[in-house]
Amino acid sequence: MTINLTQFINRLLQTIPVVIGVTLIVFSLMHLTPGDPVEIMMGQGSVTEGEIQRIREELGLHLPLPIQYFRFVTGIFKGDLGYSIYYRQPAGEVIFARLPATFELMVVAMIISLAIALPLGLISAVRQYSLVDKIGTIGALLGVSMPGFWLGLLLIMAFSVNWIFPVAGRIDFGMAPQRITGLYLLDSILTFNWPSFWSALRHILLPAITLGMSMTALTMKTIRSSMLEVIREDYITFARAKGLSRSQVVLKHALKNALIPTVTVITLNMGVLLGGNMIVETVFGWPGLGSLVVNAIFNRDYPLVQASVLIYAITFIICNLLADFLYTVLNPRVKF
Amino acid sequence: MAELLKIKDLQVHFFTDYGVVKAVDGIDLTLQEGEALGILGESGCGKSMTALAVMGLVPFPGRITGGEIIFAGRDLCRLTEKEMRRIRGKEIAMIFQDPLTTLNPVLKVGEQITEAIRLHHEEGDLSPASGRRGFFRFWEDRRRREMAAWKKAVEMMEKVGIPSPELRMEEYPHQFSGGMRQRAMIAIALSCNPRLLIADELTTALDVTIQAQILDLMRRIKEDFRTSILFISHDLGAISELCDRAAVMYAGKIVETGSVQEITGAPFHPYTQGILASIPRLGEKEYRIKPIPGNVPDLGDLPAGCSFFPRCPYGQAKCKTELPPLEEAGEGRQVRCFYWRQIRAQREEEGGIGGELSFAGD
Ligand SMILES: Nc1ncnc2c1ncn2[C@@H]1O[C@H](COP(=O)(O)OP(=O)(O)OP(=O)(O)O)[C@@H](O)[C@H]1O
Ligand code: SF4
Ligand SMILES: [Mg+2]
């Protein structure tokens, strides 16, 4: 693996047009939809025309669209993501307060999904047409085709015995651990606060399973098919001919090769996870970025939606970069 | 010379959705200690499956369905997987056609060599047990073993003619040229001093000059390491350069065996004759390449009689219904053809190969 710095910077620069495109699309979409945000914000009848006008001017909503867009973009570079109409706070602050919750949910979803998908995918490839393989294939099909919210509702119906798996929120009231990273599970471990850990774990499990499900199916299918391809290769037979056992060959020679496409798929699909997370967070009342965006859309909180979608897009772009990067790290044949 | 490998009536069948494919259909072979035996045959006649059967690595849905593979007095077909693992790589090593696909692309070449060495060398011969006791002992022994394996690997790479082996150990297969990859693969195979080396189409993917170098290397291996070689190829030229004896395979069966001189100089079986006639000869004014008409039969649906019958210029009614046995045709010589005596007689009359042959049987 050799990483060429110039090429790496090139790859970074390539993302700039994407970012600009995203801002443009977000901006236009919000302004093309009908409904006046200030009126919604103020509620019905209680404010005068004049007041509404004043607020519009305060937020710059009276300016021509291109200028609004320009202000939006230059603001981003100054670290100013706009001002949330609804929360009456800088949008950036609102978002970053919610980010740890979403991040934590995604990480746990990812861990659960990998813990299921990797062994299952591996076994179904090595024992093709076996019972595990058949169950896995059917499960994957279900997992892919089942909408996230539906699975979420099913899980709620099945397990929502409140004292085991609560159906809303991140943690029981008043149990939040001392804030270090903002990730409740991690913070409660760091402070040896086991009651908090248990509470956070109970809260996160159902939404994480729901969120991870689509990804599990996809990961499993990818690892299975790349594994099936790899174990037919000559170098696998050659490794066996050296006298290595079947499991040594699978875990050392085959997995290392099969992981290359799998890691790419996983990293790219973190973006998908991000999208699914809006639905899951809404269903489970998870106080993260996803539910924030959904609410912001209903509230016509333009600046907040813009800012969050921007964060989404940047995360997505980072995932793509990460996928490229990991591909080079894992595959000695390519250079960045 | 002692017998090292004896294959008796080996059957390898593939159980597919479309029926049973008899990839290897009753093979008999003997290989003496220190000898190089060539296996010649068209693509798909079961050469690789014979080799993989010896390794105990016939791929699914294939299976050894009958016969014996006696190696150094033991029937390999009866060994457990665990016992077989001790033979693979250590006593019998195998190398493959395409070194690019045979070396793992994501592992360093050095790792791929030392892996085999660490696996098969007894702890004692790689590293004398360290004097220290207790906690560090495990790690120290491990490091010693690793270093010893590393040294041995470098030595092997030197022996097969890879320049600056220390550096190349740290490289990945794609950084090697085709010929060097081939050498690296051979180094891996030889790293545990196997008694038998099976080479499957070793030289097929190489261009002519590299091919000559690799054949040269194989000849040196045979002499220096005293390794017996089973050399699979569809290139009679390569076989006659390296091997002492040759066995010709057709549709999962041996059709003729003999010394390389006999097979190339005076073949008895019509199929062997066909192969010889299809090889252009240097020095001949015009090439008279006569490919054997027709195709290899479908191994899933073999004709009842001689499987060469559909393509045989001498075929008689009897050949169509009855399977010719593998007959002794001289010292170390066998032929599977009803009419090999007549064919030989006729050849002797006409003198040499290449003449138009016709056989008036009916
Ligand atoms: N997976 C499989 N399923 C069914 N039949 C198979 C399978 N693998 C191999 N065979 C059969 O085994 C026969 C012999 O294959 P083998 O690889 O031994 O041929 P070969 O003589 O090595 O040919 P080549 O010169 O192309 O390597 C093939 O003709 C094919 O019909
Ligand atoms: S047995 Fe008959 S068909 Fe077969 S090779 Fe001999 S002459 Fe030809
Ligand atoms: Mg082959």
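In strand β8 of chain B, which residue is the bridge partner of B:I39? The partner is B:I232. This is a predicted model, in which local features need pLDDT of at least 70 and side-chain atom pairs count only at pLDDT 80 or more, while totals for chains, interfaces and linings use all residues. Residues are numbered from 1 along each chain as its sequence is written, chains are lettered from A and ligands numbered from 1 in the order in which they are written, and side-chain values use heavy atoms, with hydrogens and water left out.

B:I39 belongs to β3(B), whose two faces are both covered. In a regular strand, side chains alternate between the two faces of the sheet. Here B:A36, B:G38 and B:L40 sit on one side, with B:L37 and B:I39 on the other, and all are buried (under 20% relative accessible area with a 1.4 Å probe and protein chains only; exposed is over 50%, and partly exposed is in between). Because five of the five residues of β3(B) (residues 36–40) are buried, the strand is largely enclosed by the rest of the structure. Helices (H or I, at least four residues) and strands (E, at least two) are DSSP runs, numbered from the N terminus. Pairing, which takes at least two DSSP bridges between two strands, links β3(B) to β8(B) (residues 228–233) in the parallel sense over five bridges. β3(B) also pairs in the parallel sense with β9(B) (residues 245–250), over four bridges, and there B:L37 has B:R245 as its bridge partner.

Helix α4 of chain B is another enclosed piece: nine of its 12 residues are buried, among them B:V109, B:I113 and B:I117. The expected span (1.5 Å times one less than the number of residues) is 16 Å for residues 109–120, and the end C-alpha atoms are 18 Å apart, which agrees.

From this helix, B:E111 reaches across chains to A:K252 in helix α12 (residues 246–283) of chain A. The two form a salt bridge, with the closest N and O atoms 2.4 Å apart; the rule asks for a side-chain nitrogen of Lys or Arg within 4 Å of a carboxyl oxygen of Asp or Glu. B:E111 is partly exposed at 23%, and A:K252 is partly exposed at 27%. Both are in a salt-bridge network with A:K242, B:E115, B:R118 and B:E146.

Over all chains, the salt bridges come to 26. One of them joins A:R224 and A:D133 at 2.8 Å, N to O. A:R224 lies in helix α10 and A:D133 in helix α7 of chain A, so the pair ties together parts that are 91 residues apart in sequence. A:D133 is buried, at 2% relative accessibility. In chain B, the side chains of B:E262 and B:R333 meet at 3.7 Å. B:E262 is in helix α11 and B:R333 in the loop between β11 and β12, so this pair ties together parts that are 71 residues apart in sequence. B:R333 is buried at 4%, whereas B:E262 is partly exposed at 27%.

As for cysteines, zero disulfides (sulfur pairs within 2.5 Å) turn up over all chains. B:C45 is buried, at 1% relative accessibility, and its sulfur is 14 Å from the closest cysteine sulfur, in B:C306, too far for a bond. B:C337 is buried too, at 10%.
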